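Trainee: Please take a close look at one part of this model, the side chains of its interior, and explain how they are placed relative to one another. I should also like to see how that part fits into the chain as a whole.

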Amino acid sequence: MSVAGAESRIKQARKIQDEELLKFCAQISNLLNNQDYGTETLDSLQKLYLIIAVTKYSRKLTKEGIEKLESTLCWPKTTEQIQTLCAAILREISPCDHLTLSVSDCLDTKVLSLVFSVLLAQGNRKDEVHSVGQRVVKLLESRLPEGQSLRYLFPVLSKVIKLSPAILNEDQVNMINKKFVDWLRYASVQQGVLVSSGGFFSGSRTRQPGPINEVDGAVAADFFTVLSIGNYYTEDQWMNVHVFSMLRKWLLCYGSDVITGDDADIKSESEGSVMSMVSAASTSSRLLPPKERLREKALEYCLRLIEQSDRKAVKKLDSDLQKACLIEAVYLMDIICQQDSSFVYRAFSCLKALYSRICGDFAFARVILPIAQFFLRHSEMAAVESEAVYRHLFTKLPPELFHDSMFAFEFVQFCRENEKLLGETVSNFRQNFPNLLKFLAWHSPALIAEFVELLPALIVPETAIEMLHSLLDLPCMTAVLDVQLRSQSTPFNEKAPVDHNLKPSSSLEAFRHPYYRSMFLYILRGESGAGDTIDRLNLLHEVLLDMVNHSRILQCAQTVPILLQVYFNVVSEFADGTLINQLVLVLLERSSLLFNIKAFKTEVHRVFSSQLLVLCKLHPFVIVEQSKELLEFCGTVTNIQSKENFFTHIVWAIGEYLSVAYNDKCTVEIITRFFEALEALLFEITQLRPSASVPRHHPRVITVLMTTLSKLASRSQDLIPRVSLFLSKIRPFARSSAVASTYAEEDIEELLSRASELMNLLNLPSIAQFVLAPSAEHANPRYHRDTNVSLPLAMRTMTKLLQRGTNSVPG
């Protein structure tokens with residue numbers, strides 16, 4: 001079914017009203033009453049399940065309808081498809097007061113597994129989890145009738161463990177441990193026999209079962225595992241496969257000395273001594289307690305899987321199965337060694353050989369992750385050098401496999417789960433952060449949540465500036481990665497002559513052009529600190545212009561503001577004056593060097609604006625220390641048009657923090673230079689000339705500029721007459737036809753009101769200095785934040801007082 005068709009069916013299902021649903025349920029009940037298990041009943045149950053599953057609110061069925069679904073589920077003659085659908089519908093409406101199923105409703109284990117799944121969906125309102133758990137344990141230790149199988153109970157046991165690990169007592173855990181050992185280690189090595197369906201020739205001759213084979217076709221030389229191949233499997237072989245599938249969860253839950261759910265206690269290092277290793281190897285495994293014996297047999301099983309994975313599989317499916325089993329085997333070995341450190345030495349010798357065998361094959365890249373996990377936890381105890389593993393992991397794999405969605409997710413998950421250990425012990429973790437960002441650049445929507453949590457672990461003072469540049473260049477990285485993949489799949493004659501005077505017509509041509517090659521290589525760098533190409537970013541943006549509307553790049557651009565917010569939250573915790581000075585310079589510089597996506601630029605400028613104020617508050621000295629760059633930025637009229645919000649915040653920060661109250665190096669000369677630059681700028685944008693165009697900037701820019709000039713004048717009172725003269729000219733500007741046709745009436749009134757208030761304040765310099773340039777202890781933290789004591793309120797109050805006469809104002 002197409003996506004559009006599926007969406008249409010879902011919409012139709014959601015529109016069905018309760019009254020119509022009840023009628024439909026009555027029709028289904030009639031079909032089930034007549035024991036009609038044909039196509040019509042099957043289609044009706046599928047439709048009912050869809051209606052209940054896709055509706056956001058809880059759908060209600062009648063008591064009679066629920067009872068009919070229950071009885072059909074437990075009826076021995078019901079077809080398997082109908083039973084599965086009945087159970088699915090009952091799970092969707094759970095928890096339900098009308099449910100009457102119990103753990104003793106039937107004896108067939110396949111049906112019991114469906115009944116148990118419904119009971120567990122009830123949410124333990126009537127102690128269902130305990131009842132189901134105890135019944136499953138009882139069945140596992142019993143001998144089932146011919147034709148019944150315990151393997152259907154394993155999903156139920158797994159769910160019970162997840163919901164309530166402490167539900168099993170020690171004796172029950174030991175019993176299951178013994179069962180697991182038998183099923184893991186002692187399954188039959190002969191193939192099963194096909195069950196005859198009867199017939200004239202069925203009983204004439206019984207064919208003897210052959211031996212189990214390896215994936216390469218050879219006869220199995222050791223015990224049965226999930227990688228053993230046969231045409232038909234015996235019941236104990238099926239149990240072997242099912243035990244292996246849930247062994248990791250079981251060991252995490254019950255493998256430790258204390259039951260702690262998903263946590264596993266790590267034994268002391270002394271237990272990993274040579275003596276304990278020899279003792280464990282020489283002791284008969286049958287004399288070990290059930291828990292320790294399961295660990296030993298599980299390790300043997302994993303070692304056998306690793307040996308089997310070295311065989312060349314005949315079928316592609318078996319090759320994929322080998323890789324999946326390798327991953328699970330290494331994770332199991334890691335858990336076993338955490339719980340019993342005496343196994344570390346046996347495991348390490350095997351995993352070192354495995355790593356040497358597969359490290360050069362990218363098809364086994366996902367196996368490298370659990371191996372790295374194992375080395376990370378146990379290499380120090382075993383005194384094994386593991387730097388080569390981490391170097392391969394962080395340097396070689398991301399550039400080759402960034403486009404593999406499964407590998408990308410597992411790689412980032414590995415980094416998240418081990419970020420503390422990686423940060424403390426692996427230098428490549430932070431050094432290769434550009435490689436990690438390739439996963440984010442290519443899979444932005446899918447990995448944004450993971451990187452929001454991972455990013456703080458990658459940010460340190462040494463990489464903070466480069467990390468900021470890298471985040472801003474993330475859409476460029478997405479574009480370059482796309483070009484790289486297209487270049488690899490498109491034939492290209494490297495010996496063909498290149499015309500250096502001819503500008504590339506596409507990003508793909510630019511990627512192959514020697515002049516532009518270095519820019520692309522810089523974006524694709526794997527390690528931090530590898531050069532700088534910021535002077536040529538405009539050129540890079542220009543040659544990538546043909547990709548600016550690609551959906552993957554647009555999606556990546558949407559994630560950058562989120563990551564920038566995380567970045568600044570982290571940096572503000574450790575940034576000193578030197579770093580803040582560098583950050584402010586980057587904000588000024590990169591505000592004009594962003595990939596040409598309009599929405600992207602707007603959002604980045606919004607983050608820059610808010611974070612500039614945070615940085616200035618942390619280190620007010622930055623206004624004086626970076627006065628040259630700030631003057632250059634503010635002296636450019638085009639900055640108002642292209643980055644108005646960011647520009648406005650910079651002007652506000654200048655007016656707020658350019659004061660001797662914050663920095664004793666703030667001289668009259670510095671204040672005057674800023675004043676003159678802003679004065680010229682305000683004059684430029686408010687100058688009325690016959691040929692002047694209609695104003696294109698927001699009235700807030702003029703308001704902030706007027707206020708900042710008044711603040712600076714209050715700190716250097718020789719400037720007050722110049723400000724007052726200028727403020728007196730605001731009225732003819734605001735009432736001009738050009739302005740009236742552009743600005744709303746309330747905006748014009750705000751301009752006039754602010755100009756009037758500032759003029760009144762500047763008529764009383766001492767009052768102006770208190771209101772416009774308060775000392776740090778008076779200004780922090782409420783001015784411009786608390787609406788009850790904000791600057792506009794103070795100015796309006798002063799205006800009202802001045803209107804009554806200057807004699808009413810003390811001092």
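Mentor: Let us begin with Cys 350, which has a relative accessible area of 17% and is therefore buried, as the limit is 20%. The model is a predicted one, and the values that follow are computed from it.

The cysteines can be settled briefly. The number of disulfides is zero. Cys 86 takes part in no disulfide, and the nearest cysteine sulfur, that of Cys 74, lies 9.6 Å away. Because a disulfide requires sulfur atoms within 2.5 Å, that distance excludes a bond between Cys 86 and Cys 74. Cys 86 is buried as well, at 0% relative accessibility. Cys 350 is likewise in no disulfide, its nearest cysteine sulfur being that of Cys 302 at 9.2 Å.

The aromatic side chains offer much more to examine, since the count of aromatic pairs comes to 25. In one of them, Phe 154 and Trp 183 meet edge-to-face, with 6.1 Å from centre to centre and 65 degrees between the planes. This pair links distant parts of the chain, for Phe 154 belongs to helix H8 (residues 154-163) and Trp 183 to helix H9 (residues 170-185), 29 residues apart. Phe 154 is buried, at 3% relative accessible area, and Trp 183 is buried too, at 13%.

Phe 348 and Phe 375 provide a further edge-to-face pair, the label following from planes at 80 degrees, and their ring centres are 5.0 Å apart. Phe 348 lies in helix H14 (residues 344-358) and Phe 375 in helix H15 (residues 365-382), so the pair ties together parts that are 27 residues apart in sequence. The relative accessibility of Phe 348 is 3%, which counts as buried; Phe 375 is also buried, at 3%.

Returning to Phe 154 and Trp 183, one finds them in one aromatic cluster together with Phe 180, Trp 250 and Tyr 254. Phe 180 deserves attention within this group. With neighbours within four places in sequence left aside, Phe 180 is in contact with Phe 154 and Trp 250, and also with Leu 157, Val 243, Met 246, Leu 247 and Leu 294. Phe 180 and Trp 250 appear again, with Phe 394, as the residues with the most contacts inside the largest nonpolar core, which has 256 residues. In soluble globular proteins, nonpolar side chains tend to be buried together.

Ala 408 gives another view of the interior. This residue is placed in helix H17 (residues 405-417) and is buried, with a relative accessible area of 0%. Beyond residues up to four places away in sequence, Ala 408 touches Phe 402, Phe 439, His 443 and Leu 447. Of these, His 443 is 35 residues from Ala 408 in sequence, while their C-alpha atoms are 8.1 Å apart.

Aromatic faces also receive charged side chains. Lys 323 lies over the face of Phe 364, 5.0 Å from the ring centre. Arg 536 takes up a position over the face of Tyr 515, at 4.8 Å from the ring centre.

For the wider setting, the chain contains 42 helices and zero strands. Buried residues account for 51% of its 811 residues. Contacts between residues at least 6 apart in sequence join residues at least 24 apart in 73% of cases. The accessible surface amounts to about 39,200 Å², and carbon and sulfur atoms supply 52% of that area.

Finally, the backbone has details in its loops. A cis peptide bond, with omega about 0 degrees, connects Ser 94 to Pro 95. Pro 95 falls in the loop between helix H5 (80-93) and helix H6 (109-120). Gln 35, although not a glycine, has a positive phi of about 55 degrees. Gln 35 sits in the loop between helix H2 (18-33) and helix H3 (39-54), and, in contrast to the buried Ala 408, is partly exposed at 46% relative accessible area.

Terms used:
Residues numbered from 1 in each chain as written. Predicted model: local features only at pLDDT ≥ 70, side-chain atom pairs only at ≥ 80, totals over all residues. Heavy atoms only, no water. Helix = DSSP H or I, 4+ residues; strand = E, 2+ residues; numbered from the N terminus. Buried < 20%, exposed > 50% of the residue type's maximum accessible area, 1.4 Å probe, protein only. Contact = heavy atoms within 4.5 Å. Areas by Shrake-Rupley, 256 points an atom, 1.4 Å probe, with all protein chains shown as cover. Phe/Tyr/Trp six-rings, centres within 6.5 Å; stacked < 30°, edge-to-face > 60°. Lys NZ or Arg CZ within 6 Å of the ring centre and 35° of its normal. Core = buried A, V, L, I, M, F, W, Y, C linked by side-chain atoms within 4.5 Å.
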